[in-house]
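Me: I should like to learn how to read some features of a protein model. Could we go through them in turn?

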Amino acid sequence: MTSAFLAAINILSRPPEASPHDAQSPPQKALLDALGANRSLLLERLHGDSGFEKVRKRREEVKAAAGWFCSDGEDATWSFVQECLLLLLTLTRHLSEELERFQQAPPPSAATWRTPEMAPPLPPDILSVAQQKTLSAALQFVVCLGLCPYLAPGVGVPLGRRSAFGTMVEKLVRGGAEPTGGRRLLTTTTVLLQLAELSSLATLLFTRHLGDVMAALSQLGYEPHREEERPLGAEERRTCRDALKKLLPKVYQPMVVKELLTLQGGPRQSGPAGCSGGSGSRTGLGSAPAWLRRLCGRLLSERLMQPHGVQAVVRAVLEGGAGGESDWRKCDAVARILVACPQQSVSADDYFRHVCPQILDLLHFKDKLTAQQFQRVATRAALSVVQERPGSAQQYLLAPVLAPLHRCTSSSVDGDSRAAVDESELTRCVEDVYKVWVVGNCPSASLLKALEDVLPVVFTLFCFTKKNVSHLRAPCQEVLLWYLSHAEPSDALSALRRLSGLQGRTNEVAADLHFIPGSDGGAQLSCRESCSDEDDQLYEKLSAEQWRLDCLMQLLAGLTDCDLPGDFFLDLLQDLTSWVSGEETQDEDEPNVSAMTLLEVEQQVLGRAESRARRLVLLQVLAVMVESLQHTELLRKPTQVVDFTVALLQRACLGLDRGPGPHVGNPIESQTLSMGMGLVATLLSGPQLSADDYSSMSRLLPPLETLSQQHPEGDVQELASNLRAVIATHGAYRPENLHSAGPGSGPGPGPGCGSGPGPGPGSGPGPGSGSGPGPGPGPPQPSRNTETTEKNNSEANVSQTPVSKVSGSPRGGGGTFTSGDPRPPAKPLSDWLLEACDPEVPTRAFALRVLTQMVQDGDPEAVQAQEKVLTLFLENLEHEDPFVYLSAIQGLAALADSYPDRILERLLQDFQGGPSLPSSNKERSLETRLKVGEVLMRASRVMGELAPHLGRPLVAVFLQGTRDLDRSVRASSLSNLGELCQRLDYSLGPLAQELSSCLTALIKTEKEAEVRRAAVHVVTLLLRGLSDKSTQVLGDVLLDLYRALKWAVRSDPDEVAVLHAQLALEELDDVMRRFIFPEQKLEKKIVVLP
C-alpha cells in the first residue's frame, strides 16, 4: 500500500508532458498550468482509479482533521501546496501505523528462516531510492512554494539567490494572498514538523531543508510585531519557540551550527548552489534583521557551551575543505570565534571553563586531514586565549596540558610500584606541548613561564630518550630548542645553568622516580628501586650527570644561528674569573676557628665544600663545552670574541696581582696570555674596522694597561702598550710589528703546546688556539715539530710561523706532512737519522716524516742507506706513541713501494713470526704484527698493475694467517686478503678454490664474530673488485660463496656479519644481473669473409 501513496505523490510532483503550446507561453504561466494540471489529474485518479481507493479515504480523513485546508482554488500555487501537504500527512500516518504494527508483531522463530544467511525483514518506513527521490521532489515543492515566499526579508536565503527557478517562483507567489502569509507559513512549518516525527522522513527533510525550517520557526516565534499586526497568537508563538528549541538538539550539531551561521550572516560559506538554504552560497546576501542576529548568536553560544560544542563549530566551518589556503583562513576565523566570549555567557571564567577542555580535545584526532585542520584551530585558539585571557589560560588550558609533567616532580607517597605517569598520558602531554608551543610558535611571557617550570622534566625525559629508541626524542628536543631560542637571554642562561647543575635544581623529577621504556616506544614514570650499595649509587649519580652534560651539549650544537652557546660559554668564563679572584679573598680572610662554635665551624666547612662542588661542576661544564663544540659555534660574533679576550686578559691580570711567585712562569697562564694578546692583534689587523668595533674593544683597555705596567716581561709590556694605543686611537697609531703579533707569535710557549681559557691544558676553543702533541689518532703537526727542531738555531723563525701552520685544527688533531708542505731545512741524512732516535716525541715523529719524504723522492743518500732506514722504521714501529708508529708505518709503506722485492719479504717474515730485531719487545709482539699488517695493506693498495706479480707471496701468507691462534691476526689477515684480492683480476683464478674453501669454512665454523665479519667482507671486496669478471674468475666457486652468504644471513647471530652478508649478496646480484641482462649497445662489427 505504501507504493500507492507514493504513486499519488508522484502524480502531483512529476513534470507534465511538453506540448508546442507550452513552449510558446511564458515560464510563469507554464508553471501555473503545470501545477493546476497535476492537481486536476491527481483528483481525477483518486476518484476514478480503484487502486487509489485507500489513498482517497485516508486523504479525506486527514482533510477533515486539518483546520488549515482551504478549498478556494483562486491561488493555484497554494492549492497545489495544500494537496502536497495532505498527501505527505497521509503517507506519514500510513507509515506510522505500519511501523507500529511491525514493532508489535512477534519476532519470527528460527524455524521460519529458510537459510541462516537470510536477512531480517525491513521496517515498513524504509524507502527505496526512487521513492526517496519522489518524496524529495514533493518536499522541494512545499518548501519553495509554501514556505520560502512567506519569509520576511533578510530571514533565510531568498529563492532568487538560489537558482533561476527560485527567481521565477518569487515573482509568481505573492506573500500577502489570503489567508495571510504568516498563517500559511505556520501551516507549512507545522506539517513539516509532523512529517519529521517519522525518522525516515525527518532525514529527507532536514538534510535538504533544515535551514528553511529553522528560518520559519525563528520568524514565527521571535519576529517582533505591533500588537495589531501580529499574525499569530501568543500561544502559537510560544509553540513555535518550543518547537525550535526541541529541534536543534535532535539534528547533527555541525549542520545546526552551519545553518545558524547562514541565518546570522557573516563570512562566505563554501558549497554548491542548490535549493536548500543551508547549502547555498551566501555571496551577496543582505544582512539579517537585528532580532535574528541576536537570536542566532544566542543559539550559537548554547551550541558552543554544550559537550562537544567546540567540535561541532569547527566541523561546521571546516567540513568539505580540501586543505588549501582558504581552509587555513577558516581555521584562524574559527579560532577567533572560540576565543570571543559571548554576551549570553554567565561569565568569562565560566565560558573558558567549558571551552578550554574542548579546545584541547581537538589536538587528539587521528584522521590525517581532520587532525591537521583541527590542530590548527586548537593551536590558534589556545594561543589567542593565552594572549587575551592569560589567567583563564593558565587555569583551564596550560595547567591541564602540563599536569603530567608537574606530577613527575612529586614524590611517590606510598611507594607504589605502579607507574606514576603512564605511557599514553606522557606521550599525549609531550605531543600537546609540541603542538601548542613549537608548532604554534607564538612566544609570550605566559607560555615561556609555564614551560620554564617543567623544562627540567622535559630535559630529563630527553636525556632518557637519547639512551633508547623512542618517538618522544624529537618532540622533546624541539621543545627544548624552542624555549632556548625564544626565551629572554637572561632566562635562557639561567635555564642552562639549572640544566647543567650550576644552580640549584628546582622542579626536577622526584628522586624516588625515574623514566622507564614504554611498551609502545614511549616512556613512563615509575618508582625507582632502592640501591643498597653506596658505590653503585655514586657511580649512577656521576654517570647520569655526565650524560646530562653530553645531552646539553647536543642541544647547544643544535642552536644554529643563535648566540646563546657563546653567551653561555662567556658567562662561565666570567664565573671562572670571579672564582679565581674570590679564592684569593678567601685565602686572605682565613677565619679563626678557635673563636667559633661547633655549629659555626660545621657551617663553615659545609659552605666551603659546597663552594668546591660548584667549582668542580663549573670546570666540568667548561671542559665538556670546549671538547664538544667547535669554536665557530661558541664565538660567532666579533663582540663574543672580544668578550672572550677580555676574560682571558682579566685572568692573566689576576695572576699579576698576586705578586711574584711560581705562578708567574706557569706555562698555562703564559699560553693564555699569549693567545689573548694574539687574538687582539689579529682583530686589530683586520681590514676596515668600524667605530663600533673599536668601541666594543674599549673594554680591553683596562687589562692591557695593567699588563703594560705590571707584567715582569718587557716584550709583553711593549706589546700590551702598543695594542692599547691602537685601540685608544681607533687605529690612527699602528706600529710596524703589529702584524707579526698574531696568535702564533706571542710571548711564552708556542701555540702548539698551550691551552685556551678552559680549566686545563689543551682546552682552548677560541680562534687561534692549538693543541700540543700527544696520543691521538693523527701524526704530529709539522709547524710544531719545526719549532722544536729549530729552537736552538733561530727563535725568530718561530715567531714568524703563520697561524695556519701553528694549529692544524681547532680540536688539536694533527695534520700530516705532505709533498705540498714547505721543504724541511737542508740537513744531511745522518742528522735526520739521529733525530729519529730522539727521546722527544715531536722531534722523532717529524724526522721520520722527513725520511719518508726522502725515500719517496728517491734521495741518493736514502737509497744507499735503505737498510739503516728500514731498521729505524722497524724500531719505531714498536713505539707506543701513535705519532711515532704511524709515521713509521707510512715510511715502511713508502719503502715497500720503492723496493718491493726486499722490503715485502722482510715484512712478511715479521708478520708471520713476529718482530725479528734483536731489540724487539717480545711482550708486544702481537701489537707489532698488527702494525706490520697495516703496512702490508697500504703496500697492497699501491701495487697497481704489479699486484698479480708481487701479490702471490702475500696471498699465501695471508691465507696462513687465517689459521693463527689470535683472532686479531686472523681478522687482520682477512682484511689484507680482501684488499689484495680485489686487485689480482684474472691471476686470482688458480687460487679461487683454495680461497673459497677458506672463506666458506670461516663463515660457517669460526666462533669469533670479528673474524666472521672479516671473512664475509672479503667476499664483498672480491665481487666489488672483479665486477663483471666475477663470472669468469670465480665461476667454479660462485655457488659455494652464494650458499655461504645465504647461510650467514639466515643463521649468523651477529648483526654486523649479517649486514656484511647482505651487502655481498647485493654485489653478487648486481654482477649476475649485468651478466644475464647485458647492456644493449649499438655498434658495428666488420667481419672479413674468407
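Reply: Let us begin with the cysteines, bearing in mind that this is a predicted model. The structure holds zero disulfides. Cys 476, for instance, is in no disulfide, and the nearest cysteine sulfur, that of Cys 429, is 9.2 Å away.

Me: Why does Cys 998 form no bond with Cys 981?

Reply: A disulfide requires two cysteine sulfur atoms within 2.5 Å. The sulfur of Cys 981 is the closest to that of Cys 998, yet the 9.9 Å between them is too far for a bond.

Me: Is Cys 476 buried or exposed?

Reply: A residue counts as buried under 20% relative accessible area. Cys 476 has 1% relative accessibility, so Cys 476 is buried. Cys 998, with a relative accessible area of 15%, is buried as well.

Me: Which residues of helix H7 are buried?

Reply: In H7, which spans residues 164-172, they are Gly 166, Met 168, Val 169 and Leu 172. These residues lie on the same side of H7 because they cover an arc of only 160° around the axis. Their cover includes helices H3, H5 and H6.

Me: How should I read a pocket?

Reply: Rolling a probe the size of a water molecule over the atoms shows where empty space is left. Here the largest pocket holds about 1400 Å³ of space. Its lining has 38 residues, and Arg 528, Glu 540, Lys 541, Ala 544 and Arg 548 are the closest to its centre. Helix H22 gives the largest share of that lining, nine residues.

Me: What classes of residue form the lining of the largest pocket?

Reply: The lining has 16 nonpolar, 11 polar and 11 charged residues.

Note on methods: Residues are numbered from 1 along each chain as its sequence is written. This is a predicted model: local features need pLDDT of at least 70, side-chain atom pairs count only at pLDDT 80 or more; totals for chains, interfaces and linings use all residues. Side-chain values use heavy atoms; hydrogens and water are left out. Buried means under 20% relative accessible area, exposed over 50%, partly exposed in between (1.4 Å probe, protein chains only). Helices (H or I, at least four residues) and strands (E, at least two) are DSSP runs, numbered from the N terminus. The arc is that of the directions from the helix axis to the C-beta atoms. Contact means heavy atoms within 4.5 Å. On a 1 Å grid over the protein atoms alone, a cavity is a set of points where a 1.4 Å probe fits but cannot get out, and a pocket is an open set with protein on both sides within 12 Å along at least five of seven lines; lining residues have an atom within 4 Å of a point. Grid points are joined across faces, edges and corners, and a volume is the space filled by probe spheres set on the points. Ala, Val, Leu, Ile, Met, Phe, Trp, Tyr, Cys and Pro count as nonpolar, Asp, Glu, Lys and Arg as charged, and the others, Gly among them, as polar.
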